[in-house]
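Please work through the exercises below with the sequence and the model side by side. Each task is followed by a solution that proceeds step by step.

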Amino acid sequence: MRAIQSEASTASSSPAMDRRTQRLVVRVSVALAALATLSLLYLLRHASASCFPAPRSLALTLSLAPFPRNSCDAASRRVVPPDHRLAKLRVSPRWRRRTAALAASAFPTLRGLGFLAAPSRVLCLAAGDGHAVDALHAAGVGDVTGIDLVDFPPLVRRADPHRLPFSGGAFDLVFSDDPSAISGALFPSRLAAEAERAVRHGGGIALAVDRGIETAAVAALFKRSRIVDVKDVTLDGSQVRLLILQSNGTISTPH
């Protein structure tokens, strides 16, 4: 008799458990649907309007812009145009101080030696953000090319100083006001050979060198040039040695 009553009790409780399970499943489903809806609304609200690229004049490298929120932003971020960025640099104290130092100490010597004039073709090595290029333009030199391992438009283009993308004798003067151009080069002798190849016969090579480095050691890297002047100059608050050489010939062998 007791077994019969137990079976009857179990049969009556089973539908009740099923109903509770169904209600729980419905509640979980509603909660998940609500969460999915909220997530979709968030994505729609914060997504970029389009993935069309920004105008070329307004698009720069990723390192110059804020961190992107999505892949569309990474492909079409707008940052300060090169001309506007250059205008800001030109009014900075450091830029003005560097330009004034070049105009007062380096350029007059190069003019006196006949290596620098208004029609001169000048190549600036290790040009950085282009202050030497800009200073040469301000001094009346029209044809100035600045190169560095990282480009900085509109004044500096990317190029390897160990393998210059210019024909032999393309420049009247190869110039660098950065002491690390030669001392920090991966292959100083190769850089020197490329500078001699790029400058015309009788042209000049002027490089800033740390005062702690022997001038003769640097001059020995240049096999087709001779020293014509060595001058101590002050650039951006630090004294360096300006080594000026004259090319005795060029190497026209193609790369």
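A residue is called buried when its relative accessible area is under 20%, exposed when it is over 50%, and partly exposed in between, with a 1.4 Å probe and protein chains only. The model is predicted, so local features are reported only at pLDDT of at least 70 and side-chain atom pairs only at pLDDT 80 or more, whereas totals for chains, interfaces and linings use all residues. Residues are numbered from 1 along each chain as its sequence is written, and side-chain values use heavy atoms, with hydrogens and water left out.

**Exercise 1. A leucine in a loop**

Task: Determine where L164 lies and decide whether L164 is buried or exposed.

Solution: Begin with the secondary structure, in which helices (H or I, at least four residues) and strands (E, at least two) are DSSP runs numbered from the N terminus. On this basis L164 falls in the loop between β3 (156–158) and β4 (171–176). Next, apply the accessibility cut-offs: the relative accessible area of L164 is 1%, and therefore L164 is buried. Finally, look across the sequence to L191, which is 27 residues from L164 along the chain, while the two C-alpha atoms are 8.9 Å apart in space.

**Exercise 2. The surroundings of strand β7**

Task: Establish which strands pair with β7 and how many of the residues of β7 are buried.

Solution: Two strands count as paired if DSSP finds at least two bridges between them. Taking β5 (residues 199–209) to begin with, one finds six bridges to β7 in the antiparallel sense, and within this pairing L207 has L243 as its bridge partner. Turning to β6 (residues 225–235), one finds 10 bridges to β7, again with the strands running antiparallel, and here V233 is matched with V240. The connection between β6 and β7 is a hairpin with two residues between the strands, and D236 in the turn has a positive phi of about 55°. As for burial, seven of the 10 residues of β7 (residues 238–247) are buried, so that the strand is mostly covered.

**Exercise 3. Salt bridges**

Task: State how many salt bridges the structure holds, and examine the pairs R121 with D172, E194 with R197 and R211 with D232.

Solution: A salt bridge requires a side-chain nitrogen of Lys or Arg within 4 Å of a carboxyl oxygen of Asp or Glu, and the structure holds eight of them.

1. R121 and D172 form a salt bridge in which the closest N and O atoms are 3.1 Å apart. Because R121 lies in strand β1 (residues 121–124) and D172 in strand β4, this pair ties together parts that are 51 residues apart in sequence. R121 is partly exposed at a relative accessible area of 29%, whereas D172 is buried at 12%.

2. E194 and R197 form a salt bridge with their closest N and O atoms 2.9 Å apart. The two residues are three apart in helix α7 (residues 188–198), which means that about one helical turn separates them. Both E194 and R197 are buried.

3. R211 and D232 form a salt bridge, the closest N and O atoms here being 3.7 Å apart. R211 lies in the loop between β5 and α8 (215–219) and D232 in strand β6, so this pair links parts that are 21 residues apart in sequence. R211 is partly exposed, with a relative accessible area of 38%, and D232 is likewise partly exposed, at 40% relative accessibility.

As a last step, trace shared partners: salt bridges of this kind join R121, D172 and R200 into one network.

**Exercise 4. Backbone details in two loops**

Task: Find which residues are joined by a cis peptide bond, and identify where A126 lies.

Solution: The cis peptide bond joins P153 and P154, with omega about 5°, and P154 lies in the loop between β2 (143–148) and β3. A126 is placed in the loop between β1 and α5 (131–138); although A126 is not a glycine, its phi is positive, at about 50°.
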